[in-house]
Amino acid sequence: MESSPPKGSVTIKIEDLQPVNNGNKNTNDELYCLKENALGGWSSAFLLLANQGLATLAFFGVGVNLVLFLTRVLGQDNASAANNVSKWAGTVYLCSLVGAFLSDSYWGRYLTCALFQVVFLVGLVLLSLSSWFILLKPTGCGDGKQICVPTTSFGSAIFYLAIYLVAFGYGGHQPTLATFGADQFDESNPKQRNSKSSFFSYFYFALNFGSLFSNTILVYFEDRGNWTIGFWVSTASAALALVAFLVGSSGYRYVKPCGNPIPRVMQVFCAAFKKVNVSLREGEELYEVEGPDSAIKGSRKIFHSEEFACLDKASIITEEDKRGPPNAWRLCTVTQVEEAKCILRMLPIWLCTIMYSVVFSQMASLFVEQGDVMSTKIGKFRLPAASMSAFDICSVLAFTGIYRRIVVPVAGRLTGNPRGLTELQRMGIGLVLAMLAMVAAGVTEMERLKLVVDGERASRMSIFWQVPQYVLVGASEVFMYVGQLEFFNGQSPDGIKSFGSSLCMASISLGNFVSSVLVNVVMAATASGGRLGWIPEDLNLGRMDLFYFLIGVLTAVDLVVYVACAKWYKGISFEGNYDEEEG
């Protein structure tokens, strides 16, 4: 039985008006564009999860201690190092948009993942070689005791080239891998649809499980000055990740790219602008192509929605449209218009997640610097400050299980939603927990300052007082980032699925950049007139607690705006065997 057209539209049967052809015309055998011999399912998904864990181990082997490498080896001050780490991390996640664009438009998920992993591996090899032969002079320096010889401009240039290749490779690989993993499950099958939802939880679980080794063992070696060993282990892990990915090549389900979405979206705005004075006459319907397939290659039709009604003008059929040859810049299908609407609807939600990423970015910068001036000794053993992020990872692993085994069944019985909480509800809970994490960090810093001894760099306060802030951030990630992955992937049209997944990482990117700007603004405001500022070189003379509280207040304001946006949001509705639920 043939599917009915989207609500509020009509299947055009006028001989003179052929379907709009913008280079993205679909055919019956291209819908979802799956290879006939592809298997997919959990067997393929497990290989991708292994790839995720190994790649993450490699990435965090560089990123988790980067702020200390910059201060100890390259001789940067605390504020500059924190800013540089934020900029680097921001670049990592901003590159996710590049990977997503190439994946959705031209290369497809598989090729994009493979090529960006090669770039990632090249960056790690270059970093390992540069630290071995150029940066770490004398051998063993950078342990917090032995000072490294100042590096040359050439050495610094090679170092930054290496870490930004790592950023480009890992950033482009991540969102595409998440979408490629989701592709392994058939959405038309209710059982596999639930498996797809579970995959995102396991994906984030694998990410944190992989980084656990980096945040404990590798951090310990790097903190003792064995930076080169840490970087080579990361390189080996990245190589194994690439091998694991390639091993499953014959069993993956493949989805062909759907073409460049930028012209499609621009066509909607252009057509709507050209028809700004045109109104839909009584008895007329909006334009959609015949048959079950949309005009966008590999994409299902999307039902018409009432939001952003001004864009519907792009689908109004005028006399000029009937007379002349098809022109994609004057007439767009309902599905094409809805694709543009989906992006606009998701934008406010996405913007509200950036403030959360500001909180998240503190773990790689100020949390580490704070821990570095606390008592880190356990008997004769000195605990690396960066290894405290292991509590964040353990929190993520624990709360992932708690959420799936306890929260989902209980919330399902209370709300009637078999999936427990909606994605938007989970993201809201993540913001609340992030705000509490900043309060905990601020209180810890207040107490740390009280236990500072004159003439000593480290406070007498144990570094384990940081555990609550790390645990709260970890718990918030389970709700926020897993919720984001599911929300943006599920609410994105078929032609921009990787773009939807990349929005999560792009949020982290902008969060790092906003954090960097916030540090600069705060230092400019508080370090004037001869004052040291809130985040000086000697943190014992600063007021980092006030900076944490400031972020907490900004997060609270963001939460209010987010709740308003979440109430306004209406979910996407696909034509086919099932509809996407609202987030």
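Which residue forms a salt bridge with D372, the closest N and O atoms being 2.7 Å apart? Select D372 and R457 in this predicted model, and the pair appears: R457 is the partner whose closest approach to D372, N to O, is 2.7 Å. Because D372 lies in helix α10 while R457 sits in the loop between α12 (423-450) and α13 (467-490), this salt bridge ties together parts of the chain that are 85 residues apart in sequence. Colouring by accessibility sets the two ends apart, since D372 counts as buried at 10% relative accessibility, whereas R457, at 52%, counts as exposed.

Keep D372 selected and add R382, with which D372 also forms a salt bridge, the closest N and O atoms here being 3.5 Å apart. The link runs from helix α10 (residues 366-372) to strand β4 (residues 381-382), and the two residues are 10 apart in sequence. R382 is partly exposed, with a relative accessible area of 32%.

Next, move to R72 and D223, whose side chains meet in a salt bridge of 3.1 Å, N to O. R72 belongs to helix α2 (residues 66-72) and D223 to helix α5 (residues 190-223), so this pair connects parts that are 151 residues apart in sequence. Both R72 and D223 are buried.

To finish, select R72, D223, D372, R382 and R457 together: salt bridges that share partners join these residues into one network. For a wider view, display the salt bridges of the whole structure, which holds 21 of them.

Terms used:
Residues numbered from 1 in each chain as written. Predicted model: local features only at pLDDT ≥ 70, side-chain atom pairs only at ≥ 80, totals over all residues. Heavy atoms only, no water. Salt bridge = Lys/Arg side-chain N within 4 Å of Asp/Glu carboxyl O. Helix = DSSP H or I, 4+ residues; strand = E, 2+ residues; numbered from the N terminus. Buried < 20%, exposed > 50% of the residue type's maximum accessible area, 1.4 Å probe, protein only.
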